[in-house]
Amino acid sequence: MTVFEGSFTQLQGCRFAIVIGRFNDLITGKLLSGCQDCFKRHGVDSDPPGGQVDYIWVPGSFELPLVARQLALSDRYDAIICLGAVIRGQTPHFDYVAAEVAKGIAAVGFQTGIPVIFGVLTADTMQQALERAGIKSNKGWDYALNALEMASLMQQLRQGLPTSNNAALPASLASSIDTQTVL
Ligand code: INI
């Protein structure tokens, strides 16, 4: 049996994209700083231009999946991080945005085969969000770590598995999953 496990070193050849929602940018900006700190400490050059990381800003969390999909289909990235902050207000808007972004991000990763990290904080209050974006801990750091691990793992699986990504699936299921299929 073979054990496949992502590593946090030897990421020199990897490229990453970070998509960031401007909505609640007090929070998303801090998540972004956490990501950059983690990348730097793991030897990933996160300084634009020319580094290993591209940055794409979108209006809000709702727009994250659409842009992540476009980036994933470009075949330029080993992992994509989506950063957003959805904070509960007085109306059901929170629920619509949070549900769609979670489903959308999951779909992009599954359908393109590129790891897409769900870096969207959902919180009841701004205070809760701040605590997770730097006051107590910074989840951005964790999201970047997840991206490093998944980029490395997928690379190892590509090199170590006998044929295509669909090889381990039953033929009926493998044929129904076409990585070129649009969402
Ligand atoms: N976008 C967020 O990222 N967080 C929120 O809390 C939020 N709320 O609550 O409204 C939010 N709304 C904007 C949304 O993501 C879209 O940008 C907008 O609806 C345009 O499509």
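Two strands count as paired here if DSSP finds at least two bridges between them. Keep that in mind as you open this predicted model.

**First stop: β3.** Select residues 79-87, which form strand β3. Eight of its nine residues are buried, so expect to peel away some neighbours to see the strand.

**Next, one side of the pairing.** Add strand β4, residues 116-123. Eight bridges link β4 with β3, and the pairing is parallel. For a landmark, show I87 and look across to A123 in β4, which stands opposite.

**Follow the chain between them.** Now select residues 93-112, helix α3. The chain leaves β3, passes through α3 and arrives at β4, making a β-α-β crossover that is right-handed.

**Back to β3 for another partner.** Select residues 16-21, strand β1. This strand runs parallel to β3, and five bridges join the two. Here the pair to display is I20 and, opposite, L83 in β3.

**Last stop: two helices.** Keep α3 on screen and add α2, residues 64-73. What angle do the axes of α2 and α3 cross at? The crossing is at roughly 10°, with the axes coming within 8 Å. Angles under 35 degrees count as roughly parallel, and α2 and α3 are therefore roughly parallel to each other.

To see the contact, show L64, P65, A68, R69, A72 and L73 on α2, then V101, G104, I105, A107, V108 and T112 on α3. Colour these residues by class and you will find nine nonpolar, two polar and one charged.

Conventions
Residues are numbered from 1 along each chain as its sequence is written. This is a predicted model: local features need pLDDT of at least 70, side-chain atom pairs count only at pLDDT 80 or more; totals for chains, interfaces and linings use all residues. A residue is buried if 20 or more other C-beta atoms lie within 10 Å of its own, exposed if 12 or fewer, and partly exposed in between; C-beta atoms are placed from the backbone. Helices (H or I, at least four residues) and strands (E, at least two) are DSSP runs, numbered from the N terminus. A crossover is right-handed if, with the strands pointing away from the viewer, the path from the first strand over the helix to the second runs clockwise. Axes are lines fitted to C-alpha atoms, for helices over the stretch in contact, and angles run from 0 to 180 degrees between N-to-C directions. Angles under 35 degrees count as roughly parallel, over 145 as roughly antiparallel, 65 to 115 as roughly perpendicular and the rest as oblique. Two residues are in contact if their C-beta atoms, placed from the backbone, lie within 7 Å. Ala, Val, Leu, Ile, Met, Phe, Trp, Tyr, Cys and Pro count as nonpolar, Asp, Glu, Lys and Arg as charged, and the others, Gly among them, as polar.
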